[in-house]
Amino acid sequence: MGLSGGPNGAKAVFRQRFGRAFGPMDTLKEMREVSGLPRAAALAVLDGNVMMNGLPTSVDTFGGYVQVLSGQIRAAHEAAAHVVVVFDEPAAMTEAKRDEQARRDAQRKPKEVLCSDDLVAGIVDDRFTTEMLHAEGFNAKTLWGHRPARARFCDAVCVALLRGFVARNAHRAGSLTFDGVDARGAERPFDEPRAAQVLSTNQEFWGPLLAREAPIGEGDLKLTDVTQRVHDAAQTPGTLVAGVVLNLVVTIDTDSFAIELLQQGRRLRRGDGHNGGNERTIVCFKERAQKRKGDDFEPKGHYLCCDVHVLHEELVRYFYGTLDLSREIEAQQPAALALFAAALACCGCDFVEVKGMRSDVVFDSVGTVLKTVPSAVENAKHAWSGRRELVHRLHDPIRALAMECASRLLEVPRIKKDFVPTLRNLDDVLVRRTAWLICYWNSCEFKGSMEEFGFVRHSFG
């Protein structure tokens, strides 16, 4: 999932207004070569959930999954010496995300394969072995339609991928790491809980580096967390990742625009050593090529690559007309980026959607609020410091954004004005959800009761 799409969606508007930050690339290797950096200076972080979800419909066997994903990992390893594949951790998932997944699952009924009871085509839960994945009649696509079976299947695939990587001696020229899998694969005893952890060709380095005191449930946030941890480790000469300055973040989820812009703001404030100014993050959005009607030729996909450093510069210049900011304005940037992320979220994402808000309209709305509503910026400061009682400081800034968006909608020709009253009187639940989300995207996740943030657990059947 991600931010709202279409011609007025976040990605389209970013490309239209900040084209300098974007470029299509056929391969990750090409992206790294364009950067002028050697392979040893690059890290590729891949969204494993995206990889598993994106396999062609014709691939429906365990061996087929391993073969296709192995090819993707090999291509990433040609671009970067170190490849990390991140997965969601269902046991650590925020209640808000778990509820959203349940709603999504209820909307689509999994495809069932009719078969006799002695076949394993229809695995639907966590109770299966590696042998069953190789049995005649097994259908991986059917399994994938049932969320309770996915985690063990991912574990089994990743164990096989790691073994294949070592068998090819690829680990001698770098490393491959899986973040959020159980090393026992499908051989974990049925009565034992899953233990999501790090599995790597260089366990001694990557295990401690990616060990977290508080687990991250969602892969989208892990992408940024991994780059941060590698950057910190790269400051020490002689470590495995010393000299790594290029992050290739591979995903399809446009949430990464907001998450990585917030992270870029932190990078610029960091100024922590010889690699600090050189670190570069490229978000590589995997895009499928469109097959022409009546054409049997299957075109190859490509990547739409976004340089987050350039995107951040273009955004600042768009809001302020210059990159030469005063100290006062510079100090406001965390809050300014948070308000921009809030505006993008309100246009539609997994957790919140405000009818009537569009990305092309909110871009201008955010700039106006930053210039004309000083209290909005001031109130947004430190709202994601980790103290629940401070999150409400984001409420008024979010309402100010909606009010400005409503005013701008009145000026847009040929657009429905029915949503203007709703924007001017924004629902309190939407406000609280958006405030929580900005904290979440800022790596400040509140757990436990979620009612105060507008989330009420539902039962979907």
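User: In this predicted model, how much of the accessible surface of the protein belongs to carbon and sulfur atoms?

Analyst: The model is a predicted one, and the accessible surface of the protein comes to about 21000 Å². The part of that surface that belongs to carbon and sulfur atoms is 52%.

User: What share of the residues of the protein count as buried, and how many helices and strands are there?

Analyst: A residue counts as buried when its relative accessible area is under 20%, and of the 461 residues of the protein, 53% count as buried. As for the elements of the fold, the protein has 19 helices and 8 strands.

User: Among contacts with a separation of 6 or more, what percentage is made by residues 24 or more positions apart?

Analyst: Here the contacts in the protein with a separation of 6 or more are taken as the whole. Of these, the share that comes from residues 24 or more positions apart is 71%.

User: Which helix gives the most residues to the largest nonpolar core?

Analyst: The largest nonpolar core has 78 residues, and those with the most contacts inside it are F14, W436 and W441. With 12 residues, the element that gives the most to this core is helix α14, residues 333-346. Apart from this core lies another, of 51 residues, which includes I73, A76, V250 and C284. The helix asked for is α14.

User: Which residues does W441 contact, leaving aside its neighbours within four places in sequence?

Analyst: W441 is one of the residues with the most contacts inside the largest nonpolar core. Leaving aside neighbours within four places in sequence, W441 is in contact with L3, L221, D255, A258, I259, L262, R266, A341 and A345.

User: Is helix α11 largely enclosed by the rest of the structure or not, and how many of its residues are buried?

Analyst: Helix α11 covers residues 255-270, and its 23 Å from first C-alpha to last is close to the 22 Å expected at 1.5 Å a residue. The helix is largely enclosed by the rest of the structure, because the number of its 16 residues that are buried is 13.

User: Where do E279 and R267 lie, and how far apart in sequence are the parts that they tie together?

Analyst: E279 and R267 form a salt bridge in which the closest N and O atoms are 3.6 Å apart. E279 is buried, with a relative accessible area of 8%, and R267 is buried as well, with a relative accessible area of 5%. Since E279 lies in the loop between α11 and β7 (280-287) while R267 lies in helix α11, the pair ties together parts whose distance in sequence is 12 residues.

User: How far apart in sequence are the parts that E313 and R20 tie together?

Analyst: A search of the whole structure finds 27 salt bridges, and one salt bridge joins E313 to R20, with the closest N and O atoms 3.5 Å apart. E313 lies in helix α12 (residues 308-320) and R20 in the loop between α1 (10-17) and β1 (22-25), so the pair ties together parts whose distance in sequence is 293 residues.

User: Which residues are linked with R212 and D225 in a network of salt bridges?

Analyst: The side chains of R212 and D225 meet in a salt bridge of 2.7 Å, N to O, and both R212 and D225 are buried. The network of salt bridges that holds R212 and D225 also links E89, D179, K222 and R229.

User: Which residue of β6 is the bridge partner of L46?

Analyst: Strand β2 (residues 42-47) pairs with β6 in the parallel sense over 5 bridges, and β6 is joined to β7, also in parallel, by 6 bridges. Both faces of β6 are covered, with L246, L248 and V250 buried on one side and N247, V249 and T251 buried on the other. V249 stands opposite V283 in β7, whereas the bridge partner of L46 is V250.

User: Is R288 buried or exposed, and which residues does it touch beyond four places in sequence?

Analyst: R288 is found in the loop between β7 and β8 (302-307), and R288 is exposed, with a relative accessible area of 62%. R288 and G54 are 234 residues apart in sequence, with their C-alpha atoms 9.6 Å apart in space. Not counting residues up to four places away in sequence, R288 touches G54 and G301.

Note on methods. Residues are numbered from 1 along each chain as its sequence is written. This is a predicted model: local features need pLDDT of at least 70, side-chain atom pairs count only at pLDDT 80 or more; totals for chains, interfaces and linings use all residues. Side-chain values use heavy atoms; hydrogens and water are left out. Helices (H or I, at least four residues) and strands (E, at least two) are DSSP runs, numbered from the N terminus. The expected span of a helix is 1.5 Å times one less than its number of residues. Buried means under 20% relative accessible area, exposed over 50%, partly exposed in between (1.4 Å probe, protein chains only). A nonpolar core is a set of buried Ala, Val, Leu, Ile, Met, Phe, Trp, Tyr and Cys residues joined through side-chain atoms within 4.5 Å. Contact means heavy atoms within 4.5 Å. A salt bridge is a side-chain nitrogen of Lys or Arg within 4 Å of a carboxyl oxygen of Asp or Glu. Accessible areas come from the Shrake-Rupley method with a 1.4 Å probe; for residues, only the protein chains shown count as cover. Two strands pair if DSSP finds at least two bridges between them.
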